[in-house]
Amino acid sequence: MIFEVRSTKEGISMSHRQALRARQENAVVSGVATKAIFVDKALNAELWDVDGRRFIDFAAGIAVTNTGHRHPYVMNAVAKQAELFTHTCFHVAPYESYIKLAERLNRIVDTGEENRTMLVTTGAEAVENAIKIARAHTKRSAVVAFTGAFHGRTMMGMALTGKVAPYKKGFGPFPAEIFHVPFPAAFSGVDVEATLLALDNLLASDVEPDRVAAFIIEPVQGEGGFNAAPAELLQGLRERADKHGIVLIADEIQAGMARTGTMLAVEHSGVRPDLVTLAKGLAGGFPLSAVVGKARIMNSAHPGGLGGTYAGNPISVAAANAVLDVIENEKLCARAAWIGEKVGASLDVIAARQGMERIGDVRVSGAMIAFELVEDKDGKIAAPQLTSQIVAEAEQRGLIILSCGIRYNVIRLLPPLTIEEPVLDEALHILETSIEAAFSKIASAMAEPR
Ligand code: PMP
């Protein structure tokens with residue numbers, strides 16, 4: 001038996017995870033919130049915890065392990081690189097693999113022009129650099145972002161993020177000259193026309209267009225609830241960006257790297273951005289991020305203005321070059337679309353059943369899949385309690401899922417794109433029973449006399 005029960009001084013039995021939870025509380029800051037799934041090992045779409053419990057991983061490290069945990073091809077590339085060198089600092093002793101990755105990303109990102117790439121380490125850092133570059137290019141300061149957006153936990157990342165709790169609360173002041181316009185979403189009552197009107201009003205009443213360096217948008221909002229930016233919105237931004245010389249940045253950190261059925265999510269709209277930020281799925285679990293975009297914009301920053309000690313770490317770069325091969329060889333864009341159709345169809349069937357009316361909306365962007373939980377038919381009242389109950393029921397049954405959304409009422413599903421079909425089927429069965437269990441628990445709690 002792998003599950004082990006230990007005795008403490010007080011004679012109370014504790015699982016390994018309980019013991020680790022207690023140590024975590026005493027050693028790690030509470031601001032770093034975590035689940036209580038302490039991982040022991042993981043392979044492709046499965047993960048085992050320190051008590052031997054098996055989970056199917058529908059979080060994929062928040063859209064990172066698109067190629068699965070420890071893909072053998074990626075691991076082999078990493079092992080080979082580890083035999084050669086693990087760090088030199090690209091500024092000190094550059095290496096070919098970084099240049100090769102830049103060449104490949106320049107070909108992947110369609111801006112309609114010649115591209116250049118820079119590598120850094122985290123998503124937030126890529127966002128920071130995209131803004132630095134847009135400011136250096138335009139010699140302007142202001143940036144327009146969207147409500148519900150998430151762009152990272154650094155100062156500029158937080159400033160651009162359009163959700164106060166938990167990301168911004170108590171951490172200000174933030175960099176100045178950041179503006180937000182409402183993002184169109186199914187239940188918010190905001191459509192594309194209203195968004196573009198708000199943007200035009202902003203440019204008329206708050207900040208003149210020739211002070212705006214950049215528009216930054218997630219083609220599919222991640223933390224905000226998996227709402228896709230309609231093509232007309234991206235077209236509207238493109239038109240205004242062209243008219244006023246503003247840099248259009250697509251933040252593809254969560255939605256990029258084959259996740260939505262195309263290499264980049266923005267491709268669905270036919271709109272070409274000026275700059276793109278990438279991270280997460282780029283290196284299959286190793287820390288790496290990139291800014292890719294038009295050479296004439298990317299080269300605006302002066303030599304020495306960009307980079308960092310760990311930027312473009314050789315191990316991460318080796319992983320990323322291997323990830324690009326796997327995406328191509330295993331046709332993971334098509335697989336993402338197939339996963340989306342299968343999971344979406346199964347969610348539609350559940351949502352159509354009697355008693356499941358509180359599943360207010362099912363959203364599918366390839367393998368970036370979400371469903372929204374609401375109290376009423378037109379979705380004006382969110383159901384965050386039901387949402388967290390479903391997450392808890394799934395965890396008990398061995399399926400890791402995450403919630404998101406500005407109203408904390410969206411469940412997002414991010415299976416690795418390499419997930420085996422029987423494992424996917426098993427996960428969908430667990431999801432269905434978890435939804436049923438949560439619905440009946442919440443219903444009986446509400447029926448109890450108060
Ligand atoms: N942008 C987007 C769209 C993201 O989803 C995230 C991470 N959730 C970030 C930026 C920040 O990335 P990181 O956590 O690696 O800094």
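**Exercise 1. The ligand and its shell**

By class, how many nonpolar, polar and charged residues does the shell around the ligand have? Work this out in the predicted model, and then find which atoms of the shell make polar contacts with the ligand.

*Solution.* Begin with the residues that surround the ligand, which are T122, G123, A124, F150, H151, G152, E218, E223, D251, I253, Q254 and K280. Sorting these by class gives 3 nonpolar, 5 polar and 4 charged residues, a count in which glycine is placed with the polar residues.

Next, look for pairs of N or O atoms within 3.5 Å, the cut-off for a polar contact. A backbone N or O atom of A124 lies 2.8 Å from an oxygen atom of the ligand, and an N or O atom in the side chain of Q254 is 2.9 Å from a ligand oxygen. On the nitrogen side, a ligand nitrogen atom is 3.1 Å from an N or O atom in the side chain of K280. Finally, consider the surface: the ligand taken alone exposes 390 Å², and the protein buries 83% of that area.

**Exercise 2. The sheet of 7 strands**

Determine the strand order of the open sheet that 7 strands form, and explain why strand 6 and strand 8 each have one side without a neighbour in the sheet.

*Solution.* Reading across the sheet gives the order 6-12-11-10-9-7-8, with mixed pairing. Strand 6 (115–120) and strand 8 (178–181) stand at the edges with a single partner strand each, and therefore one side of each has no neighbour in the sheet. From one strand to the next, the twist averages 20 degrees.

Now follow one edge in detail. Strand 6 runs antiparallel to strand 12 (residues 289–294), and 6 bridges join the two; within this pair, V120 stands opposite S289. Helix 4 (residues 96–108) packs on the sheet, where it touches strand 6, strand 11 (275–278) and strand 12, and its direction makes about 130 degrees with that of strand 6.

**Exercise 3. The sheet of 4 strands**

Find which strands stand at the edges of the open sheet of 4 strands, and which helix packs on this sheet.

*Solution.* The order is 13-14-17-16, and the pairing is antiparallel. Strand 13 (359–365) and strand 16 (402–404) stand at the edges; each has a single partner strand, so one side of each is left without a neighbour in the sheet. Here the twist averages 25 degrees from one strand to the next.

At the strand 16 edge, 3 bridges make the antiparallel join to strand 17 (residues 410–413), with L402 opposite R412. The helix packed on the sheet is helix 11 (residues 332–352), which touches strand 13, strand 14 (368–373) and strand 17, and whose direction makes about 170 degrees with that of strand 13.

**Exercise 4. Backbone details in turns and loops**

Locate the cis peptide bonds at P166 and P173, and the positive phi values at N44 and F226.

*Solution.* As background, most residues other than glycine have a negative phi, and most peptide bonds are trans. The bond from A165 to P166 is cis, with omega near 0 degrees, and the one joining G172 and P173 is also cis, with omega about 5 degrees. P166 lies in the loop between helix 6 (155–160) and strand 8, and P173 is found in the loop between helix 6 and strand 8.

For phi, turn to the hairpin of strand 3 and strand 4, which has 2 residues between the strands and in whose turn N44 has a positive phi of about 45 degrees. F226 has a phi near 60 degrees and is placed in the loop between strand 9 (212–217) and helix 8 (231–244).

Notes
Residues are numbered from 1 along each chain as its sequence is written. This is a predicted model: local features need pLDDT of at least 70, side-chain atom pairs count only at pLDDT 80 or more; totals for chains, interfaces and linings use all residues. Side-chain values use heavy atoms; hydrogens and water are left out. A residue is near a molecule or strand if one of its heavy atoms lies within 4 Å of it. A polar contact is a pair of N or O atoms within 3.5 Å; within protein, one must be able to donate a hydrogen and the other to accept it, and residues adjacent in sequence count only if both atoms are side-chain atoms. Accessible areas come from the Shrake-Rupley method with a 1.4 Å probe; for residues, only the protein chains shown count as cover. Two strands pair if DSSP finds at least two bridges between them. Axes are lines fitted to C-alpha atoms, for helices over the stretch in contact, and angles run from 0 to 180 degrees between N-to-C directions. Contact means heavy atoms within 4.5 Å.
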